[in-house]
Each structure stands twice: as structure tokens, then as C-alpha cells.
Amino acid sequence: MSNLPFTLPTCDQPATVRLEVFTNTAAGLPDSLDASVYTCEQHADPATDTIEGTNRTAHRVKMAPDVQRTCGHVYLFPTGQLADSGHPRWCDQNDCGRRREHRSGAVEVDTNRPEATIVEVVLAQALDDGAEPQVLISAADTTEAEPRTVQLRLSVSQGYVLSNRMRLLTEAARWERRNGGHW
Ligand SMILES: [Zn+2]
Ligand SMILES: [Zn+2]
């Protein structure tokens with residue numbers, strides 16, 4: 001069963017050929033490596049023709065000797081253009097393969113007034129198998145001559161507890177201020 005957006009001519013014989021499938025740029029040049037397709041000798045050429053008929057390029061490479069696949073087996077690279085469903089829903093899908101992690105867009109901690117420290121919060125998840133999402137907090141102190149960015153990586157549970165603790169503390173501080181305390 002192939003999860004490619006096109007049907008390949010294949011059989012169920014042992015594969016002897018691996019085709020690297022690249023999606024082409026608008027100029028027709030191979031761009032992103034999206035899949036490996038395994039075929040028998042007989043289906044290597046027809047499969048190549050099918051792939052190249054979809055604005056993709058197929059590079060025929062030798063199969064590693066210890067790999068056993070049947071003709072028609074498809075492997076989709078999780079970071080390729082054919083595997084978009086591999087992103088979490090919060091991911092901005094912006095070059096996850098290069099940065100080796102999914103990331104949400106940055107959420108700026110914005111108070112509508114000038115602050116000395118610029119703070120951003122991002123959700124991230126490494127592409128490793130079984131990696132958990134993390135909360136990334138980065139803070140840049142703009143009062144320093146060379147602003148340095150400090151980054152914290154928290155588990156999602158820590159991020160959740162932190163937001164509750166901060167709410168309690170900041171509400172206590174606001175209560176003091178409203179009631180004439182020192183601020
Ligand atoms: Zn075949
Ligand atoms: Zn992603």
C-alpha cells in the first residue's frame with residue numbers, strides 16, 4: 001500500500017532497486033528528497049517514468065545489501081513535502097527538517113508599553129522518535145550594550161504550572177498596587 005499521491009506500476013517480487021524521489025522546483029530541478037521507492041528490476045523503469053510524470057525526479061541508487069523490501073514499498077521522509085501530515089497542528093511547518101524540530105510561531109509577551117526585556121514563547125518538538133513537545137522561553141535584555149538572549153526549555157507540564165504560579169504572584173502584586181501598597 002503506497003501513500004504516494006500517484007499509483008506506481010509494481011508487483012510483489014523482492015525489490016532490487018531503490019529510487020530516491022525528489023520533488024522538483026518550479027524550474028524543474030530536483031529539490032527536496034521526499035521518498036524512497038523500492039522496485040524489482042522489471043519495474044524500475046516504468047516506476048521512474050510514472051514518478052517523473054508528476055514533476056518529480058527519480059534517482060536510481062543501489063539498495064543496501066542488508067535491506068529486504070518488496071517491489072512497491074514506499075518510505076516517506078518525515079520532513080519531506082509528501083509527509084506534511086507528520087507535523088503537529090501547532091507547527092508553522094517552516095523548514096522543520098533543517099532546524100531538526102517542529103516549532104510554533106513565536107508568541108511575543110507584549111504589554112503594550114516599553115519593556116526592558118523582550119520575551120517570546122514558542123512550542124518546539126525535536127524530530128527524534130518519541131520526543132515530547134517543549135516550551136521555549138527566550139528573553140533578550142535590551143538595556144545591555146550587546147543584548148544577550150537567554151533561553152529556557154521547559155516541559156509542557158512545567159510551562160503549565162509556571163503560568164499558574166505566575167498568575168498567582170502577579171495577581172498578588174496587582175492587588176498590593178490597587179490597595180496602596182508599595183510597587
Ligand atoms: Zn516489480
Ligand atoms: Zn513541523
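## Contacts of Pro 88

Contact here means heavy atoms within 4.5 Å. On that basis, and with neighbours up to four places away in sequence left aside, Pro 88 is in contact with His 102 and Gln 125. The model is a predicted one, and the contacts of Pro 88 are read from that prediction.

Pro 88 belongs to the loop between E4 and H2. Its relative accessibility is 18%, and because buried means under 20%, Pro 88 counts as buried. Pro 88 also has a C-alpha to C-alpha distance of 9.5 Å to Pro 133, and the two prolines are 45 residues apart in sequence.

## Zinc site

The zinc ion (ligand 1) has four donor atoms. Three are sulfur atoms labelled SG, from Cys 11, Cys 40 and Cys 71, and ND1 of His 43 is also a donor; the distances run from 2.0 to 2.4 Å. The angles that the donors subtend at the zinc ion are 101 to 114°, so the arrangement is tetrahedral. For four donors, that label requires all angles to lie between 85 and 135 degrees.

Along the chain, the donors follow the spacing C-x28-C-x2-H-x27-C. The pair His 43 and Cys 71 links distant parts of the chain, 28 residues apart: His 43 lies in helix H1, and Cys 71 lies in the loop between strand E3 (56-62) and E4. Both His 43 and Cys 71 are buried.

## Nonpolar core

The largest nonpolar core holds 15 residues. Those that touch the most other members are Leu 4, Leu 8, Leu 19, Val 37 and Ile 51. Two or more core residues come from each of strand E1 (17-24), strand E2 (30-39), helix H1 (41-52) and strand E4 (74-76). Helix H1 therefore contributes to this core and also carries the zinc donor His 43.

What does Leu 4 touch, not counting residues up to four places away in sequence? The partners of Leu 4 are Ala 35, Val 37, Val 74, Leu 76 and Leu 82. One of these, Val 37, is itself listed with Leu 4 among the core residues that touch the most other members.

## Aromatic rings

A pair of aromatic rings is described by the distance of the centres and the angle of the planes. The count comes to one aromatic pair in this model. The pair is formed by Tyr 75 and Phe 77, with ring centres 5.1 Å apart and planes at 90°, so the geometry is edge-to-face. Tyr 75 has a relative accessible area of 40% and is partly exposed. Phe 77 is partly exposed too, with a relative accessible area of 22%.

Another ring is involved with a charged group. The charged end of Arg 69 sits over the ring of Tyr 38, at 5.4 Å from the ring centre.

## Positive phi angles

Most residues other than glycine have a negative phi. Which residue in the loop between H1 and E3 has a phi near 60°? That residue is Asn 55, placed in the loop between H1 and E3. Asn 55 is partly exposed, at a relative accessible area of 45%.

Gln 93 is not a glycine either, and its phi is positive at about 55°. Gln 93 is placed in the loop between E4 and helix H2 (96-99). With 42% relative accessibility, Gln 93 is partly exposed.

## Surroundings of Asn 55

Asn 55 touches Thr 23, Asn 24 and Thr 25, with residues up to four places away in sequence not counted. The C-alpha atoms of Asn 55 and Thr 25 are separated by 8.5 Å, and the two residues are 30 residues apart along the chain. Asn 55 and Phe 22 are 33 residues apart in sequence, and their C-alpha atoms are 9.0 Å apart.

Thr 25 is placed in the loop between E1 and E2. Its relative accessibility is 27%, which counts as partly exposed. Apart from neighbours within four places in sequence, Thr 25 is in contact with Asp 31 and Asn 55.

## Helix H3

Asn 164 is found in helix H3, residues 156-178. Asn 164 is partly exposed, with a relative accessible area of 24%. From Asn 164 to Asn 94 the C-alpha to C-alpha distance is 30 Å, and the two are 70 residues apart in sequence.

Key. Residues numbered from 1 in each chain as written. Chains lettered and ligands numbered in written order. Predicted model: local features only at pLDDT ≥ 70, side-chain atom pairs only at ≥ 80, totals over all residues. Heavy atoms only, no water. Core = buried A, V, L, I, M, F, W, Y, C linked by side-chain atoms within 4.5 Å. Buried < 20%, exposed > 50% of the residue type's maximum accessible area, 1.4 Å probe, protein only. Helix = DSSP H or I, 4+ residues; strand = E, 2+ residues; numbered from the N terminus. Phe/Tyr/Trp six-rings, centres within 6.5 Å; stacked < 30°, edge-to-face > 60°. Lys NZ or Arg CZ within 6 Å of the ring centre and 35° of its normal. Donors = N, O, S within 2.8 Å, 3.2 Å for Na, K, Ca; no water. Tetrahedral: all angles 85-135°; square planar, octahedral: opposite > 155°, others 65-115°.
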